[in-house]
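Q: I have a structure open next to its sequence, and I would like to learn how to read it. Could you walk me through some features?

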Amino acid sequence: RAASRVARASDAATPNAVAVARVALFGYGAAEIPRVRELVDALRAAVEDSGVELGEIETRGVRASEMTSSVRGTYGEEDEDGVGERVVMLDGDAAKALMPDLKLEMNEEGFEGAVFGVFTEKLRLGTLGEAAKSVVEAHERYWNLKPTTEADSYDVNEHVDFEHEGAKDAWDLGRVTTAMAVSMDRAEVLDTASMARGEERLRSDSSHVVAIDGVVGEPLRAALLDALTEVGYDHFTETGPPPGKWNRETRDGLEGEDGESPPPSWGLTPETLEEVMKTDAVRTFRARLAALYPEYDIRTMPSDALEPDGVSGAWGGSSICSAIGNAAVYGDMFNWHIDMDPSQLDPSAPWVERYGSYVNRERGRPLFVSAMVYLNPGHWPAAFDAETLFLDPGTGTGVFVRPQPGRVVLMDQDILHRVSTPSQIAGVPRYSFVLKLCFFPKRTDEPQKMTLI
């Protein structure tokens with residue numbers, strides 16, 4: 001593999017290029033820069049051993065105080081704190097010839113993710129800070145990583161109220177009550193920010209589950225269920241969802257260690273899910289979640305950006321979904337699973353390049369949250385089962401939430417959970433709709449504690 005990398009670099013290099021080139025590191029700590037310099041020197045030597053002369057390549061860090069300096073000027077080598085967004089900028093043909101090898105080697109050496117870019121002629125006319133910002137913004141635009149998108153556009157004041165078939169569901173924060181708020185799965189985890197300083201500090205971490213009533217009123221609940229099924233569908237007697245909108249191809253999680261896939265269950269077809277996501281009901285649901293958590297910008301999880309190299313289906317063979325509909329029926333079997341863990345993403349994922357690899361709830365980084373709403377009409381008796389179960393693997397204990405019309409469950413996406421199958425006497429599916437979301441902290445003056453509680 002190393003030989004093939006050298007061949008690619010050799011092909012990209014400009015013969016007899018001897019001008020001094022640069023690799024500029026933004027947001028890298030003093031302990032990291034020498035390690036990157038070693039990689040750059042080793043790659044340059046490998047290319048030149050193949051007969052292509054590259055010349056000198058400088059590897060330098062950009063201090064926070066130098067962000068207003070000219071690109072054409074000189075800049076320092078160290079940033080003791082490794083603060084700011086992590087960007088690697090390449091200047092000159094010799095530096096560009098090291099790609100994609102440099103990126104691959106840095107990933108394999110365990111460096112935290114970074115956005116890569118080049119100094120174009122236009123960027124050379126500005127400051128270092130402007131160049132880095134331009135590259136980061138281009139990465140965000142291409143991979144749909146900004147906190148809000150056109151598809152998620154909603155106004156908290158305009159869209160929190162809802163009307164369905166003449167029935168009004170006015171938003172009232174005063175009616176919202178917390179049925180349960182639990183912290184579980186406590187552990188000491190790596191504080192990723194400390195790595196840029198050459199340290200490996202630990203932080204105390206716990207996952208959270210919150211069950212809330214009053215967020216989704218009866219008109220909004222009915223509209224969401226109509227969108228998932230059909231207007232006029234009899235949810236009190238029909239033993240399954242309408243097959244035109246649903247199929248039995250949904251699976252909880254990826255293949256297990258034994259190579260076996262989880263058993264399939266009812267899920268919305270991709271076409272139906274796409275239409276559901278465009279409805280006013282889903283927009284109102286998002287707006288109400290944003291009203292509950294005004295300290296965050298809330299948006300749908302950008303699925304493709306979480307895949308290796310941004311290729312849909314490249315992680316485990318199944319595409320990552322940002323929303324899902326469930327219609328659990330008697331006889332189904334559901335696996336314990338998590339929805340997403342940002343610390344387990346592939347280093348080549350565009351999300352990791354922008355925000356790094358980190359344990360969910362790291363201070364100041366986007367929080368992965370799933371928002372589930374139960375949609376069956378009328379009271380759901382205890383004898384019908386179909387609770388959502390949450391497990392603390394370390395203690396072998398857990399909690400459950402019983403379905404009730406319009407009840408919302410918010411959970412950190414890396415908490416282990418599963419659906420409990422409806423009992424035989426239930427006779428009907430237990431419907432729910434899940435939005436997989438990213439909570440972006442609004443505060444930029446200091447890192448914000450990331451928690452649902």
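Q: Let me start with a helix. Which elements do the buried residues of α9 pack against?
A: Happy to help, and one thing before we begin: this is a predicted model. The buried residues of α9 pack against the helices α8 (218-228) and α10 (280-292), and against the strands β10 (265-268), β11 (296-300), β12 (323-328) and β18 (430-441).

Q: Which residues of α9 are the buried ones?
A: Helix α9 covers residues 270-277, and its buried residues are Thr272, Leu273, Val276 and Met277. They sit on the same side of α9, because they cover an arc of only 135 degrees around the axis. On the other side of α9 you will find Pro270 and Glu271, which are exposed.

Q: Now the strands. In what order do β1, β2, β3 and β4 lie in their sheet?
A: The order is β2-β1-β3-β4, in an open sheet of 4 strands with mixed pairing. β2 and β4 (115-118) are the edge strands, each pairing on one side only. On average, neighbouring strands of this sheet are turned by 20 degrees against each other, direction ignored.

Q: Which pairs run parallel or antiparallel? Let me take β1 and β2 to begin with.
A: Strand β1 (residues 21-26) and β2 run parallel, joined by 6 bridges. Two places to look are Ala21, whose bridge partner in β2 is Ile57, and Val23, which stands opposite Thr59 in β2. Between the two strands, the chain goes from β1 through helix α2 (residues 33-49) to β2, and this β-α-β crossover is right-handed.

Q: And how do β1 and β3 pair?
A: β1 and β3 pair in the antiparallel sense, over 5 bridges. Val23 is a handy marker again, since its bridge partner in β3 is Leu90. Strand β3 (residues 87-91) is in turn joined to β4 by 4 bridges, and those two run parallel. There, Met89 stands opposite Gly117 in β4.

Q: How should I read the side chains along a strand, and which way do those of β1 point?
A: The general idea first: in a regular strand the side chains alternate between the two faces of the sheet. In β1, Ala21, Val23 and Leu25 point one way and Arg22, Ala24 and Phe26 the other way, and all are buried. With 6 of its 6 residues buried, β1 is therefore largely enclosed by the rest of the structure.

Q: How many residues of the edge strand β2 are buried?
A: In β2 (residues 57-62), 5 of the 6 residues are buried, so β2 too is largely enclosed by the rest of the structure.

Q: Which strands do the helices α2 and α4 lie across?
A: Helix α2 lies across β1 and β2, running at about 160 degrees to β2. Helix α4 (residues 101-108) lies across β1, β3 and β4, running at about 160 degrees to β4.

Q: What should I look for in the backbone angles?
A: As a rule, most residues other than glycine have a negative phi, and most peptide bonds are trans. Here, Arg361 has a positive phi of about 80 degrees although it is not a glycine, and Asp385 has one of about 60 degrees, again without being a glycine. As for the peptide bonds, a cis bond joins Met99 and Pro100, with omega at about 5 degrees. Pro100 lies in the loop between α3 (93-96) and α4.

Q: Where are Arg361 and Asp385 located?
A: Arg361 is in the loop between α11 (350-355) and β13 (367-374), while Asp385 lies in the loop between β13 and β14 (388-392). Arg361 is buried, with a relative accessible area of 6%; Asp385 is partly exposed, at 29%.

Q: Which residue does the side chain of Arg361 meet in a polar contact?
A: That is Asp412, and the contact between the two side chains is 3.1 Å. Asp412 is found in strand β16 (residues 408-412) and counts as buried, at 0% relative accessibility. Beyond its neighbours within four places in sequence, Asp412 is in contact with residues including Ser206, His208, Asn360 and Phe368.

Technical notes: Residues numbered from 1 in each chain as written. Predicted model: local features only at pLDDT ≥ 70, side-chain atom pairs only at ≥ 80, totals over all residues. Heavy atoms only, no water. Buried < 20%, exposed > 50% of the residue type's maximum accessible area, 1.4 Å probe, protein only. Arc of directions from axis to C-beta. Contact = heavy atoms within 4.5 Å. Pairing = 2+ DSSP bridges. Right-handed = clockwise from strand over helix to strand, strands pointing away. Polar contact = N/O pair within 3.5 Å; in protein donor to acceptor, adjacent residues only side chain to side chain. Axes fitted to C-alpha atoms, helices over the stretch in contact; angles between N-to-C directions.
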